[in-house]
Amino acid sequence: MATMDLLAVLAECALFSGLPRPDLETLAPAARSRTFRKGSYVFREGDVGNALYVIRRGQVKISRMGRGGAEAVYAILVPGDSFGEIALLSGDAARTADAQAMELTDCVSVPREALLTFIEEHPVMSRHLMRALARYVQQVDESLAEIAFLDITGRVARKLLDLGESHGRNTPEGIRIDLRLSQRTLASMVSASRENVNRALHRFTARGDIRTDGGLITILRPDELRKRA
């Protein structure tokens with residue numbers, strides 16, 4: 001990928017928003033283009049956190065595996081999203097989760113030392129990072145609250161609404177979630193079994209709240225999902 005393309009990817013990321021192009025150009029010598037085939041790992045939990053990643057094309061799943069083999073999915077990331085920030089800022093620099101490509105994925109990577117130097121020279125980056133970390137903490141808090149206070153059907157409804165807000169687009173029929181999520185992945189996002197998630201989706205479909213077409217979900221009646229969430 002050409003240097004100009006690398007910088008364009010960084011400029012579209014929230015972490016680097018508002019920074020003048022000449023400032024971003026100081027990262028150009030360190031930035032690299034990385035490609036990951038579907039199913040491959042960008043990094044695994046416990047790996048040394050040696051780079052920040054910004055997605056140019058594709059999807060990346062952030063998750064952790066439990067001792068019994070159960071997976072907890074924290075986020076599905078798309079072009080423009082960044083990941084890997086937490087390990088870069090922690091003392092031991094160890095990855096706290098797995099990052100796996102869900103399809104052929106291109107990323108721009110920035111090495112840890114180059115990024116830390118850039119942050120020291122551009123204080124606005126510290127504010128951007130604090131906002132990113134605050135959003136992460138809020139998401140964890142919300143997930144814990146959902147598990148504690150909502151049944152499985154309610155958790156599925158809440159997750160569909162969240163995905164509609166973050167990855168949806170308005171169509172004449174409703175809000176189309178532009179992510180192809182398997183029932184297993186959705187189950188991992190709401191801490192439930194695939195069978196229970198399947199039953200919840202069937203219930204919403206039968207009620208006319210959602211429609212599934214080619215692996216994509218369209219929210220037809222968001223107000224009805226909100227009543228359940």
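## Pockets, a cavity and a greasy patch

In the second largest pocket, α7, α8 (194-207) and β11 (210-213) each put at least two residues into the lining. The biggest contributor is α8, with four residues. Bear in mind that this is a predicted model.

The lining of this second largest pocket runs through Leu-181, Ser-182, Gln-183, Leu-186, Asn-198, Leu-201, His-202, Thr-205, Ile-210, Thr-212, Gly-215 and Ile-217. Split by class, that gives five nonpolar, seven polar and no charged residues. The space inside comes to about 170 Å³.

Now for the largest pocket, which holds about 1,400 Å³ of space. Elements that give two or more residues to its lining are β5 (71-77), β6 (82-83), α3 (85-89), α5, α6 and α7 (183-189). Helix α5 has the largest share, at 12 residues. In total 45 residues line the largest pocket, and those nearest its centre are Tyr-74, Ala-75, Leu-77, Tyr-136 and Gln-139. Charged residues do turn up here: the lining has 10 of them, next to 24 nonpolar and 11 polar ones.

There is also one cavity of 30 Å³ or more in the structure, with about 50 Å³ of space. Its lining is made of Leu-160, Leu-163, Ile-177, Leu-179, Leu-181, Leu-186, Gly-215, Leu-216 and Ile-217. Both α6 (152-167) and β12 (216-219) supply at least two of the lining residues. By class, the cavity lining has eight nonpolar residues, one polar and no charged. Leu-181, Leu-186, Gly-215 and Ile-217 appear in this lining and in that of the second largest pocket.

Here are the three spaces side by side:

| Space | Volume | Nonpolar | Polar | Charged |
|---|---|---|---|---|
| Largest pocket | about 1,400 Å³ | 24 residues | 11 residues | 10 residues |
| Second largest pocket | about 170 Å³ | five residues | seven residues | no residues |
| Largest cavity | about 50 Å³ | eight residues | one residue | no residues |

Out on the surface, Tyr-74, Tyr-136, Val-137, Val-140 and Leu-144 make a nonpolar patch of about 420 Å². Helix α5 (residues 124-149) gives the largest share of this patch, four residues. Tyr-136 sits in that helix.

Why can Tyr-136 count towards the patch? Its relative accessible area is 31%, so it is partly exposed and passes the cut-off of over 30% that patch residues need. Tyr-74 and Tyr-136 are also among the residues nearest the centre of the largest pocket, so these two tyrosines belong to both the patch and that pocket's lining.

How values were computed
Residues are numbered from 1 along each chain as its sequence is written. This is a predicted model: local features need pLDDT of at least 70, side-chain atom pairs count only at pLDDT 80 or more; totals for chains, interfaces and linings use all residues. Side-chain values use heavy atoms; hydrogens and water are left out. Patches are made of residues with over 30% relative accessible area and no salt bridge: like charges are joined within 9 Å, nonpolar side chains (Val, Leu, Ile, Met, Phe, Trp, Tyr) within 5 Å. Accessible areas come from the Shrake-Rupley method with a 1.4 Å probe; for residues, only the protein chains shown count as cover. A salt bridge is a side-chain nitrogen of Lys or Arg within 4 Å of a carboxyl oxygen of Asp or Glu. Buried means under 20% relative accessible area, exposed over 50%, partly exposed in between (1.4 Å probe, protein chains only). On a 1 Å grid over the protein atoms alone, a cavity is a set of points where a 1.4 Å probe fits but cannot get out, and a pocket is an open set with protein on both sides within 12 Å along at least five of seven lines; lining residues have an atom within 4 Å of a point. Grid points are joined across faces, edges and corners, and a volume is the space filled by probe spheres set on the points. Ala, Val, Leu, Ile, Met, Phe, Trp, Tyr, Cys and Pro count as nonpolar, Asp, Glu, Lys and Arg as charged, and the others, Gly among them, as polar.
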